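Me: I am new to reading protein structures. Can we go through one together, by short questions?

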Amino acid sequence: MTVRFTLNDQRIEAEPGQTVMNAAQAAGIAIPALCHDRTLTPVGSCGLCGVEVEGRRGAFTACTLPIVDGMVVRSETAAVLRTRRQILALLLREYHDAGYASADPETEFMYWVRRYGLPMPPAREPRHAVNSDPNPFVWVDLNKCIHCNRCVRACAEVQGRFVWGIAGRGRDSRIVAGADTTLLEARCESCGACVAYCPTGALDDKLSVGAGRPDTIVTTTCGYCGVGCRFDLHVRDGRILRVASNPHAAVNGMSLCVKGRYGHAFVHHPDRLATPRVRRYLIEGSGRPPGRGDWVDTDWETALTLIAEKLAGIRRASGADAIGVLSSAKCTNEENFLAQKFARQVIGTHNVDHCARLCHASTVAGLAMAYGSGAMSNTFDDLCGHAEAILIIGSNTTEQHPVFGARIRQAVLKRGVKLVVADPRRVDIAEFAMLHLRHRPGTDVALINGLMQVMLKNGWQDQAFIDTRCDGFEAFRATVEAYTPEAVSLTTGVSVQDLNEAAALLALNKPMAVIWAMGITQHTTGVPNVLSLSNLQMLLGNMGVPGGGVNPLRGQNNVQGACDMGALPNVFPGYQHVTDERVRAKFESAWQLEGAPAGVPLFTGVPGMASTDMVHALRGGKLRALYIIGEDPLLTDPDLNDVRACFDACEFIVVQEIFPSDTAARADVLLPAAAFFEKDGTFTNTERRIQRVHAALKPIGQALPDWEVLAQVAKRMLAIDGRRPVGPHAGWDYPAPAAVMDEIAALTPSYAGVSHARLDRGEQLFWPVPGPDHPGTPILHVGRFARGKGMFYAIDHLPPEELPDADFPLLLTTGRVLYHWHGGEMTRRVKGLLEIYPESLVEIHPEDALRFGLDGSRHVTVTSRRGRMRAKALLTERVSPGVVFANFHFPGDQNINNVTIFALDPVARIPEYKVCAVKIARVDPA
Ligand code: SF4
């Protein structure tokens, strides 16, 4: 049903209950407002949006006025305009501009002041100090504050924090940060939402104040996490002035996190690699010296020819499988597609992998086994809008997927979603949970089986769903029966009462969605953990429905896309198995080369090596060369002392990177790559939503986008081999990434309907998109699982590879923090982020601190059987006694991967970063 009303003689249709302001905005009619934003609760306090209604006396605020059918509204009468000028004049009397140059092209307040022709008031003494807050990102100038309180409401309603409040009364009232110190939630995350919502510049971006106005604004997608926020880059003279919210961003609207909004300065950092470099011994044709010797800056032609000749030589001598390619989840879909095409078509090996091996390989494998598709089944909008209950297990959502984390907080605060958090640490999102299950690290299967045992005992399963859509239920049920709450409590440390309560909350509030991340996947039991969660959602019939599903949150910006593109050793793009003869025939026909030996197939049907296996194959010489694109295994792999020895044994290493890294230090050829602000293409976020990436800057120095570098090496290798393209997609003459996407669409059924043109029109495409007219698939497994019937697996709890003992009495678990990103190569080069989080911290429970002689937060060593790292101790009850937590963002002797264990899930080949045994010792000042 719709209602109709007239606004300034224009007939408008609206939804019942809609306000005049929202309907006017939807119809493209501007009504001024300063306290209002469509994403905030309307308060009608500034009065600027006053309108007249025929037949009623006085003025009404359009932002709070609900439409009544037949209503006649006027927003531009002489009286309305007179009132607006009076309001603006009053606000201007309090407003003082200290004259610093804002980077904002024009604030909303100044726009309306100019539009209504008001003169600026004479200069007067400021009442407040300018730049009055110590936050490294938020510039506070209360002289410009007009008390609209949008910042206060944005912090509470959008971010789910309550940092800003109002102090004082009347003329002395002012916004203050951190007024309510009793609120645990009142912790600033430097997300900048307050700045984005401020209409006057009273709050501004500290990094941008004084930078001046942009000459270009480019909308692109964030290159940090898998949430996939979009924003506007303000650029002038080839430099980023600031990142601004784009209110039309489909994933995030006005929201961004601290990294997305303020983590951009790395792109101009003097450490950027700008010139190709090769080792002197390669130029001189001499033997490789220890440590590989000096670097020599060179030109692209020399570097590319050298790479092609060296790789071709190794392949001639030892076969294609003596070479491995590591692609990158930081790169675009188009680049990942070309990386695996380079490995498979040009080199002739399935030895291609990327960092999904270290984060969600168990998700991809486990969900494919249970359902036939290894991706998030539902979307953010769907989860936040329809779920009645949510289980977050092994995901520090508000720190690692901050904008989605904030949306979950909104769903709890506004809709009363029942949230259960299962995590060994008291992660921030646990503050919003009805129950926090603090199980011991490595006991996830026991915990989930325990919850399902209670559900089955109470008959809470969805038997109709199980009977019609699933196989394997009886064997599963028989296994789960042994996991009584009492037994599970002993294994996990979670009380029987909490187990029973959690089971009831999750089973009786439908639909229920499960969300997880690396707390589930980075175990030797990563695949069984994922299969247990698959079991849970089939048991409750929560698959293929809005508000339910399995929702692994992918880490890197494009780790979903890198997997989709086949940068994996066992599948071509679109998860088409290399073992499938018909699939191989299809790719062979598409990528056919003239000059290849007759009768010899282009590809074998044997999957290649996982990255974790490639590294160890370097030592024995089974793998002689590595081509690494944007990855830093010497920072991110476990048990680094061993990994360093493996890399030292490798004969030839090519690295394409934006910064020098620990891995780059062991390269033979180092190529300068473009950063994501300098690239064109697409990323696929964790929801399977494919989004455009637009270059806002030219690559620094001689740097090139990774896809161009790959194409150049490929052409030279094919020329050395005397092979020419014959198949319809065999060539490497791509004019732009759009042409690569066309090839992806031609060869990848789930991307068949994707094109840059559709995305540029603003279409929101979630794969599978099987054709050019298909709208995409926001929810997977509706009515039928991708594999037909869903499969229950009977899973038993298995302990981690290494548990504490007398020599190493503490359990180490690892993860990330809000202010840094993965290997930290970008965030460690951003000033404000380093101010907030300058060094590696290790969380230690105060009881353990006492036990091991720490008398306060001081530096400690963390030692395992494999190595040692040094960090500052943070004494906190976020961890349980007996558990220490460390992040992996810092290199050298601060790197926790000197300590972690190389123990792999046997199917997914993912390392067990979440559990190993360590000891700590205080470092006394020298
Ligand atoms: Fe970028 Fe993720 Fe932050 Fe969004 S939540 S701004 S995608 S890092």
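Me: Is Met455 buried or exposed?
Reply: This is a predicted model, in which local features need pLDDT of at least 70, side-chain atom pairs count only at pLDDT 80 or more, and totals for chains, interfaces and linings use all residues. Residues are numbered from 1 along each chain as its sequence is written, and side-chain values use heavy atoms, with hydrogens and water left out. Buried means under 20% relative accessible area, exposed means over 50%, and partly exposed lies in between (1.4 Å probe, protein chains only). Met455 has a relative accessible area of 0%, so it is buried.

Me: Which helix holds Met455?
Reply: Helices (H or I, at least four residues) and strands (E, at least two) are DSSP runs, numbered from the N terminus. The run that covers residues 444-457 includes Met455. That helix is α15.

Me: Which residues is Met455 in contact with, leaving aside its neighbours within four places in sequence?
Reply: Contact means heavy atoms within 4.5 Å. With those neighbours left aside, the list for Met455 is Trp460, Gln461, Ala503, Leu506, Ala507, Leu536, Leu539 and Leu540.

Me: How far apart in space are Met455 and Asn542, C-alpha to C-alpha?
Reply: Along the sequence, 87 residues separate Met455 and Asn542. In space, C-alpha to C-alpha, the distance is 14 Å.

Me: Why is strand β34 largely enclosed by the rest of the structure?
Reply: Strand β34 covers residues 810-815. Leu810, Leu812 and Thr814 point one way, while Leu811, Thr813 and Gly815 point the other way. In a regular strand the side chains alternate between the two faces of the sheet. The strand is largely enclosed because its buried residues number 6 of the 6.

Me: Which strand runs parallel to β34, joined by 5 bridges?
Reply: Two strands pair if DSSP finds at least two bridges between them. With β39 (residues 916-922), β34 runs antiparallel over 3 bridges, and there Leu811 has Ala917 as its bridge partner. On the parallel side, Leu811 is partnered by Val883. The parallel strand, residues 883-887, is β38.

Me: Which residue of β26 stands opposite Gly324?
Reply: Strand β15 (residues 323-326) has Ile323 and Val325 pointing one way and Gly324 and Leu326 the other, and all are buried. Its 4 bridges to β26 (residues 625-629) are parallel. Opposite Gly324 stands Leu626.

Me: Which residue of β16 stands opposite Leu326?
Reply: β15 also pairs with β16 (residues 352-353), in the parallel sense, over 2 bridges. Opposite Leu326 stands Asp353.

Me: How many residues lie between β36 and β37 in their hairpin?
Reply: β36 (residues 859-863) pairs with β37 in the antiparallel sense over 5 bridges. Val860 has Ala871 as its bridge partner. β37 (residues 868-875) is also joined to β35 (residues 841-844) by 4 bridges, running parallel. Between β36 and β37, the hairpin has a number of residues equal to 4.

Me: Where is Pro511, which is joined to Lys510 by a cis peptide bond?
Reply: Most residues other than glycine have a negative phi, and most peptide bonds are trans. The bond between Lys510 and Pro511 is cis, with omega about 0°. Pro511 lies in the loop between α19 (496-508) and β21 (512-516).

Me: What is omega for the cis peptide bond from Trp767 to Pro768?
Reply: Pro768 is in the loop between β32 (765-766) and β33 (790-791). The bond from Trp767 is cis, and omega is near 5°.

Me: Is Asp237 buried or exposed?
Reply: Asp237 lies in the loop between β11 (230-236) and β12 (239-245). Its phi is positive, about 50°, although Asp237 is not a glycine. Its relative accessible area is 65%, so Asp237 is exposed.

Me: Is His822 buried or exposed?
Reply: His822 sits in the loop between β34 and α30 (831-836). Its phi is also positive, near 45°. The relative accessible area is 11%, so His822 is buried.

Me: What percentage of the 926 residues in the chain are buried?
Reply: The secondary structure comes to 31 helices and 39 strands. The C-alpha atoms fill a box of roughly 90 × 65 × 65 Å, taken along the principal axes. Of the 926 residues, the buried share is 62%.
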